[in-house]
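Colleague: Could you walk me through reading this model? I'd like the general idea each time, then the case at hand.

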Amino acid sequence: MKKIKYSEITPEKIYKKRRKFIKSLGYGLGSATIGSIPLIGNALANTDLTKPTDYEYITTYNNYYEFGTNKSDPYLNSQEFKTKPWTIRIEGEVENPMSFSVEEILSSFSSEERVYRLRCVEGWSMIIPWMGFSLSQLLNKVNFKTSAKFVEFETIYDPEQMIGQRKSILNWPYIEGLRIDEAMHPLTTVVTGLYGKSLPNQNGAPLRIFVPWKYGFKSAKSIVKIKFVKEMPNSSWMIASPREYGFYSNVNPNIDHPRWSQATERPINGDMFAPRIKTLMFNGYADEVAHLYSGMDLKKYF
Ligand code: MTE
C-alpha cells in the first residue's frame, strides 16, 4: 500500500502553520532535529511529533467528571449542555471585581491557534490545536492587589444539567488553582475553540483554561469564576487524594504518581499498541517555564 505523506492528509491551514506549531510544542526544533535531542532519542523514532491528534479523539476521549467518569461519557452526556448565556466573574483580592459575558470576551480578545501538548496524569497524551489567548490579558483587566498570591478557577455547578455532579465523585464545583506568576505566564491560555471551530461542550465550552506544562487536570473546564486569593487554593483533586495530587502538578517524568510511573506516555491515535514515548520535563516547555520553579524542591512541591 502506498504510504500517504503527512502533508497530504493534513488540513491545509494546519499544514501551513506547521512551523509555528512545532515551535509551540517546545521541542526547540529550530536548530536541532528530533533525533538529536538526547532526552527523547529512539523511543520517539516512529512517532510523528508534529501531527495533531485527530479531531475525533480530541472530542470523544475526554475527562470531564461532571458528565461521567468514562472517557466517552463527556461526549455522550454533554451535547444538550447550555452554554448561553454565560458570565465569568473575576473577584477576590482585586480593586475592581468584574463580570464578563462570553460574547464580550470573544470580541475583546483575539484568539489565535495555539498547538500544545496535553499530558494527562493517567499516562496518555494528545497534541491539540487549541484556539485561545493568554489568560494574562483577561486578568490584566482587573487591578489585582499585592495581597493576591494565587488564582482560583471554578467550574459551573449545575447538577440538573451535569449528571456527574449528582454523585460525590469529587468535591463540586471543580476547583483548580495557579500561583499568580503561573497564571500570568503567556503560555497559560484561555481556550475558546479547537481546530478553528468553537469549543465542543465535552472539551469545556464555552471557555476553559489550558496550562501546557502541567498535568491535564489543572486545566479547569467551563469556568464561571476566577478568584484572586491570598492562600494556596485547595483544588478538588487535592481534596480527593492529597497524596496523589499536589498543587503544582508540573509534568515531571522523574516523579511517579504513587500508583504508577510518569516516565512515559501513550500518544492517543487510535492504536492501542502504539509505542509509549518518553515524557519530557514540564511537558517539553522547560525553556519557557523552568525558571518559575528555580530553587524549589519539586519532589516536595509536586
Ligand atoms: N475540568 C472539569 N471541570 N472537570 C474535569 O473532570 N478533567 C481534567 C481537565 N479539566 C476535568 C476538567 C482532566 S483530568 C483532563 S486530562 C483535562 O480536563 C482533559 O481535557 P480534554 O477532555 O479537553 O482533553
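Colleague: Is R114 buried or exposed?

Modeller: Buried means under 20% relative accessible area, exposed over 50%, and partly exposed in between, with a 1.4 Å probe and protein chains only. R114 has 9% relative accessibility, so it counts as buried. E112, at 36%, counts as partly exposed. Keep in mind that this is a predicted model, where local features need pLDDT of at least 70, side-chain atom pairs count only at pLDDT 80 or more, and totals for chains, interfaces and linings use all residues. Residues are numbered from 1 along each chain as its sequence is written, and side-chain values use heavy atoms, with hydrogens and water left out.

Colleague: Which residue forms a salt bridge with R114?

Modeller: A salt bridge is a side-chain nitrogen of Lys or Arg within 4 Å of a carboxyl oxygen of Asp or Glu. R114 pairs with E112, their closest N and O atoms being 2.7 Å apart. R117 forms one with E265, at 2.2 Å. The whole structure has 12 salt bridges.

Colleague: And what polar contacts does the ligand have with Y65 and E66?

Modeller: A polar contact with a ligand is a pair of N or O atoms within 3.5 Å; within protein, one must be able to donate a hydrogen and the other to accept it, and residues adjacent in sequence count only if both atoms are side-chain atoms. A polar backbone atom of Y65 is 2.8 Å from a ligand oxygen. An N or O atom in the side chain of E66 is 2.8 Å from a ligand nitrogen.
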